[in-house]
Amino acid sequence: MTGAALALLGAIQPTLARPQLPAEYRYQPYTGSLPACWDNSVLGTIQSRFASKESEYWNSALQIVAYDRIHETGFRSNGSDYIPRRYCTARAYMNDGRWRQVTYWVGENLGFIGWGWGVEWCVAGVDRNYAYGPACRAARR
């Protein structure tokens, strides 16, 4: 190869698809401070919203009674430049006497009008409209 061709190859550098700036350094920074998977406020939110959804949309009395086997499956698994999220899973005991898997995540500044943390959840076997795909696959990380 000629010197000019080598110089041209050296000048070409791969470009990134998006900036890799950690979320803490943005104009409206994130702290990465999120409640734990077993936090009562997180589990209570899921419990309350699940009961409300079942009652209002599906005319069902199904409710979450208790949780066990709660554990974190990932923290900021998408990368440091995305909104901080904590991914979790638990087993929920329902008032129909069955145990079901609950997959959920807690995200920073994703609460009401962007204030506080928000939670998204899916109960396997009860996601009747398949919002998260079969067996809540899209809610996992």
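For the class counts used here, Ala, Val, Leu, Ile, Met, Phe, Trp, Tyr, Cys and Pro go down as nonpolar, Asp, Glu, Lys and Arg as charged, and the others, Gly among them, as polar. Keep that in mind for the pocket below. One thing to say up front is that this is a predicted model.

Let's start with the overall layout. The protein has 2 helices and 4 strands, and reading along the sequence gives the pattern α-α-β-β-β-β. Of its 141 residues, 33% are buried. If you take the contacts with a separation of 6 or more, 49% of them join residues 24 or more positions apart.

Now for the inside. The largest nonpolar core contains 20 residues, and the ones with the most contacts inside it are Ile46, Phe50, Ile64, Tyr67, Met94, Tyr104 and Val123. At least two residues of this core come from each of α2, β1, β2, β3 (99-107) and β4. Tyrosine 67 is a handy place to zoom in: setting aside neighbours within four places in sequence, its contacts are Leu43, Ile46, Gln47, Ala90, Arg91 and Ala92.

From there, hop over to threonine 89, which sits in strand β2. Is threonine 89 buried or exposed? Its relative accessibility is 9%, and the cut-off for buried is under 20%, so threonine 89 counts as buried. A polar atom of its side chain lies 3.3 Å from the backbone oxygen of valine 102. Beyond the residues up to four places away in sequence, threonine 89 touches Arg69, Ile70, His71, Thr73, Gln101, Val102, Thr103 and Tyr104.

Arginine 69, one of those partners of threonine 89, belongs to strand β1. With a relative accessible area of 58%, arginine 69 lands over the 50% line and is therefore exposed. Not counting neighbours within four places in sequence, arginine 69 is in contact with Thr89, Ala90 and Arg91. Arginine 69 also makes a nice sequence-versus-space example: tryptophan 38 is 31 residues away from it in sequence, yet their C-alpha atoms are 9.6 Å apart.

Next up, the empty space. Rolling a probe the size of a water molecule over the atoms shows where such space is left. The largest pocket holds about 360 Å³. Which residues are closest to the centre of the largest pocket? They are Arg49, Lys53, Glu120, Trp121 and Tyr132, out of 22 residues that line it. Two elements give two or more residues to that lining, namely α2 (40-58) and β4 (118-123). Sorted by class, the lining of the largest pocket has 14 nonpolar, 4 polar and 4 charged residues.

Last, a look at the backbone. Most residues other than glycine have a negative phi. Two residues here go the other way. Arginine 76 has a positive phi, near 55°, and its place is in the loop between β1 (64-75) and β2 (85-94). Arginine 76 is buried because its relative accessible area is 17%, and the limit is under 20%. Alanine 135 is not a glycine either, and its phi is positive at about 55°. Alanine 135 lies in the segment after β4. At 48% relative accessible area, alanine 135 falls between the 20% and 50% cut-offs, so alanine 135 is partly exposed.

Technical notes:
Residues are numbered from 1 along each chain as its sequence is written. This is a predicted model: local features need pLDDT of at least 70, side-chain atom pairs count only at pLDDT 80 or more; totals for chains, interfaces and linings use all residues. Side-chain values use heavy atoms; hydrogens and water are left out. On a 1 Å grid over the protein atoms alone, a cavity is a set of points where a 1.4 Å probe fits but cannot get out, and a pocket is an open set with protein on both sides within 12 Å along at least five of seven lines; lining residues have an atom within 4 Å of a point. Grid points are joined across faces, edges and corners, and a volume is the space filled by probe spheres set on the points. Buried means under 20% relative accessible area, exposed over 50%, partly exposed in between (1.4 Å probe, protein chains only). A nonpolar core is a set of buried Ala, Val, Leu, Ile, Met, Phe, Trp, Tyr and Cys residues joined through side-chain atoms within 4.5 Å. Contact means heavy atoms within 4.5 Å. A polar contact is a pair of N or O atoms within 3.5 Å; within protein, one must be able to donate a hydrogen and the other to accept it, and residues adjacent in sequence count only if both atoms are side-chain atoms.
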